[in-house]
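Work through the exercises below with the model open. Each task is followed by a stepwise solution.

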Amino acid sequence: MTRPFPLEILKTLSKTRSDQASRKLGQVNRRHNEEQKKLDMLIRFREDYEGRYQAVMQVGGAFETLMNFQHFLGRLDEAVRQQQVVVAQVGSEVSQGQVTVQKAHRQVRSMEVLSERHCSKEQERTTRIEQKALDEQVGQKIAHLLSEAK
């Protein structure tokens, strides 16, 4: 009879952790994509607004109108900077998540290798036991035949 793999619980736990790390990385990747889309949208909006500001300047818009444009462009610049920080932070989370997933995959693979070795050794042990039992049976039959021949 083969003995169970003594580290089966750790093997299962490492697989669970690997699955969790992969799911979390997927979530962080989606969040990073969403934040990047927000940043891209802010940049496009700022560029469009800058174009409107330039058009108003060319036609000689009122001073107050130009000041409002400048003020709002300043607020857009700040929003872009803040969103760039968010994108960078989430990008850092993605990098950390990738490292965590790689580490978890290595642990799973290590447990799989240990499990394979265990199974292989158990198979060898079973084969030796079966061979020993077969040798004993053959030896007993030969001894029985020799005792009958006398």
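**Exercise 1. The long-range partner of a helix**

Against which element do the buried residues of α1 pack? Work from the span of the helix to its partner.

Solution. The model is a predicted one.
- Step 1: Take the helix. α1 runs over residues 8-58, 51 residues in total. From first C-alpha to last it reaches 75 Å, close to the 75 Å expected at 1.5 Å a residue.
- Step 2: List its buried residues. They include Ser14, Ser18, Ala21, Leu25, Tyr49, Tyr53 and Val56.
- Step 3: Find the partner. The buried residues of α1 pack against α2, residues 63-149.
- Step 4: Look past the helix end. Just after α1, Gly60 has a positive phi of about 75°.

**Exercise 2. A serine in the helix**

Decide whether Ser18 is buried or exposed, then identify its polar partner.

Solution.
- Step 1: Ser18 sits in helix α1.
- Step 2: Its relative accessibility is 2%, so Ser18 counts as buried; the cut-off is under 20%.
- Step 3: Beyond four places in sequence, Ser18 touches Ala104, His105 and Val108.
- Step 4: The side chains of Ser18 and His105 make a polar contact at 3.0 Å.

**Exercise 3. The largest nonpolar core**

Which residues make up the largest nonpolar core, and which helix gives the most to it?

Solution.
- Step 1: The core has 7 residues: Tyr49, Tyr53, Val56, Leu66, Phe69, Leu73 and Leu76.
- Step 2: α1 and α2 each supply at least two residues of this core. α2 gives the most, with 4 residues.
- Step 3: Check one member. Leaving aside neighbours within four places, Tyr49 contacts Phe69, Phe72, Leu73 and Leu76.
- Step 4: Apart from this core lies another, of 6 residues, among them Ala21, Val28, Val90 and Val101.

**Exercise 4. Ring geometry**

Classify the aromatic pairs Phe45–Phe72 and Tyr49–Phe69, and give the burial of each ring residue.

Solution.
- Step 1: The count of aromatic pairs is 5.
- Step 2: The Phe45 and Phe72 ring centres are 6.2 Å apart with planes at 90°, so this pair is edge-to-face. Phe45 in α1 and Phe72 in α2 are 27 residues apart.
- Step 3: Phe45, at 36% relative accessibility, is partly exposed. Phe72, at 28%, is partly exposed.
- Step 4: Tyr49 and Phe69 form a tilted pair, 4.9 Å centre to centre with 40° between the planes. Tyr49 in α1 and Phe69 in α2 are 20 residues apart.
- Step 5: Tyr49, at 13% relative accessibility, is buried. Phe69, at 11%, is buried.
- Step 6: Phe45, Tyr49, Tyr53, Phe69 and Phe72 form one aromatic cluster.

Key: Residues are numbered from 1 along each chain as its sequence is written. This is a predicted model: local features need pLDDT of at least 70, side-chain atom pairs count only at pLDDT 80 or more; totals for chains, interfaces and linings use all residues. Side-chain values use heavy atoms; hydrogens and water are left out. The expected span of a helix is 1.5 Å times one less than its number of residues. Buried means under 20% relative accessible area, exposed over 50%, partly exposed in between (1.4 Å probe, protein chains only). Contact means heavy atoms within 4.5 Å. A polar contact is a pair of N or O atoms within 3.5 Å; within protein, one must be able to donate a hydrogen and the other to accept it, and residues adjacent in sequence count only if both atoms are side-chain atoms. A nonpolar core is a set of buried Ala, Val, Leu, Ile, Met, Phe, Trp, Tyr and Cys residues joined through side-chain atoms within 4.5 Å. Rings of Phe, Tyr and Trp (its six-membered ring) pair if their centres lie within 6.5 Å; planes under 30 degrees apart count as stacked, over 60 as edge-to-face and the rest as tilted.
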